[in-house]
Amino acid sequence: MYVVTNPANGELVEEVANSTNEEVQEAIGRVHSGFPGWRSRTVAERAAIVARAADLFEERVDEFANIMTLEMGKRINEGRGEIGIVVDIFRYYAEHGPALLADEPLDIKGGRAVITKSPIGALLGIMPWNFPCYQVARFVAPNLVLGNTILLKHASICPRSARAIEEVLRDAGVPDDVYVNTFASSRQIPAILADPRIQGVSLTGSEQAGMSVAAEAGRHLKKTVLELGGSDPLIVLDTDDMDETVNATATARMRNCGQSCNAPKRMIVLADIYDEYVDQLTKRVAEYYVPGDPADPETKLPPLASVAAADEVAAQVAKAVEQGATLRTGGHRIEPGAFLEATVLTDVAPGMDAYYEEIFGPVVIVFRAETEDDAVRLANDTPFGLGASVWGTDPDRLRRVAERIDAGMVYLNRAGGSQADLPFGGIKRSGIGRELGPAGIEEFMNKKSIRL
Ligand SMILES: O=CCCCC(=O)O
């Protein structure tokens, strides 16, 4: 069942039945049979349709923002911001797709060759609830321009986003056998991956979901892109404006109610400014992040996406405290709805669960580092490797530290924030492959060598 429950008040809004096995088979058949026609269109034709989709997302920004607020509690202004990046992504691939797909001549020993860039066929996308439109956009826009067709399974709490996205694509001119939404259940995924008509899968989601999809895809030798969890470090080396550093780093953590894979989840602060940072951060988090209705543009702290998500994060905080962490502020569930107080934890140490796991909610953990080397050691002491950021006043020092961090993305004096033209992805348990930028169109591409 796909179910919309308003996380701000617990009200059941809509239930949508899962697709039957026959409906799933029919959907696979459609994206398979749509491939030859779609790939045979010119890149310019496909790019023009993708550009129209960008315009339609832009026109329907309020509709999408309202849907996301209702389905997963996103603050209304953050929903509008999310559609802004969706528009950028569709425009980026519409504009740059033709150049990114141009043949690449190659001088080789004894002659010449050319690398051509073709699509590989029908793909499955499995997308999460935290950014219901952006996550779909970064998979769909490049692959439509490339010429692949798409079967999309969205999160079970986002059926309205799923339908609205399909409608925009249809209205933009994407044929109805080129992009198909399915309300498949997780139990139906193995059969989809086993189907020879499906050539690859892109999943954004939990480590657990990534492992099962990768195992299943591997069994059938299907190409996989995985964007999984993260526990991004944010290192503060020094600052000439503590107020600004505290506000900017807290904002980065609290964005989307802390439910971003690439949010800075571990603040690592050098010893000489640690106490001041923790005091000011605790004050900021306690005073500024007041819970409220996500539909109200003035609200600072919305609910989490579901009661289950809020209970899980509250339990992680409680466990951390039980294992010896210090709770500086927050930590309590607020009902009705899926609210959790904005929380600051310190004194989290190796051996505690909170030291290793991802906390997907409004919880900041602050670590004290004795030296720059110690900060890098702490930053890298994680099973994840998605993003990271380094903050300070000396550009050479920032760059030097950035080079030593094991992550797919490092930002200097800013944290996270996807942009259409910058590749996004992680290493270690954060995933496999890249999305966005030039790299994002290459994952499901046949780079064919033609020896001339
Ligand atoms: O959960 C990961 C999505 C990242 C969104 C962003 O960087 O804007």
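Which residues does Ile-28 touch, not counting residues up to four places away in sequence? The views below start there and then move to other parts of this predicted model.

**View 1. Ile-28 and the residues it touches.** Let's begin with a single residue. Ile-28 has its place in helix H1, which spans residues 21–40. Leaving aside residues up to four places away in sequence, Ile-28 touches Leu-151, Ile-192, Asp-195, Arg-197 and Ile-198. Is Ile-28 buried or exposed? With a relative accessible area of 0%, Ile-28 falls under the 20% cut-off and is therefore buried. For a sense of scale, look for Ala-420: Ile-28 and Ala-420 are 392 residues apart in sequence and 29 Å apart in space, C-alpha to C-alpha.

**View 2. An open sheet of 6 strands, with helix H5 lying across five of them by name: E5, E6, E7, E8 and E9.** Follow the strands in the order E7-E6-E5-E8-E9-E21, and you will meet mixed pairing along the way. At the edges are strand E7 (179–182) and strand E21 (431–432), each of which pairs on one side only. Now find strand E5 (residues 122–126) and strand E6 (residues 149–153), which run parallel and are joined by 5 bridges. Here you can spot Gly-125 standing opposite Leu-152 in E6. Helix H5 is made of residues 134–146 and runs at about 165° to E6.

**View 3. Helices H3 and H6 where their axes come within 9 Å.** H3 covers residues 61–72 and H6 covers residues 159–172, and their axes cross at roughly 160°. That angle is over 145 degrees, so H3 is roughly antiparallel to H6. Their crossing is left-handed. On the H3 side, Glu-63, Phe-64, Ile-67, Met-68, Leu-70 and Glu-71 take part; they meet Pro-159, Arg-160, Ser-161, Ala-164, Ile-165 and Val-168 in H6. Sorted by class, this contact has 8 nonpolar, 1 polar and 3 charged residues.

**View 4. Helices H9 and H10 where their axes come within 10 Å.** How are H9 and H10 oriented to each other? The axes of H9 (residues 242–254) and H10 (residues 271–288) cross at roughly 55°, and the two helices are therefore oblique to each other. This crossing is right-handed. Look along H9 for the residues that meet H10, among them Met-242, Val-246, Ala-250 and Met-254. Their partners in H10 include Ile-273, Tyr-277, Leu-281 and Val-285. By class, the contact of H9 with H10 has 8 nonpolar, 4 polar and 3 charged residues.

Definitions and conventions
Residues numbered from 1 in each chain as written. Predicted model: local features only at pLDDT ≥ 70, side-chain atom pairs only at ≥ 80, totals over all residues. Heavy atoms only, no water. Axes fitted to C-alpha atoms, helices over the stretch in contact; angles between N-to-C directions. Helix = DSSP H or I, 4+ residues; strand = E, 2+ residues; numbered from the N terminus. Parallel < 35°, antiparallel > 145°, perpendicular 65-115°, else oblique. Left-handed = near helix turned anticlockwise from the far one by under 90°. Contact = heavy atoms within 4.5 Å. Nonpolar A, V, L, I, M, F, W, Y, C, P; charged D, E, K, R; others polar. Pairing = 2+ DSSP bridges. Buried < 20%, exposed > 50% of the residue type's maximum accessible area, 1.4 Å probe, protein only.
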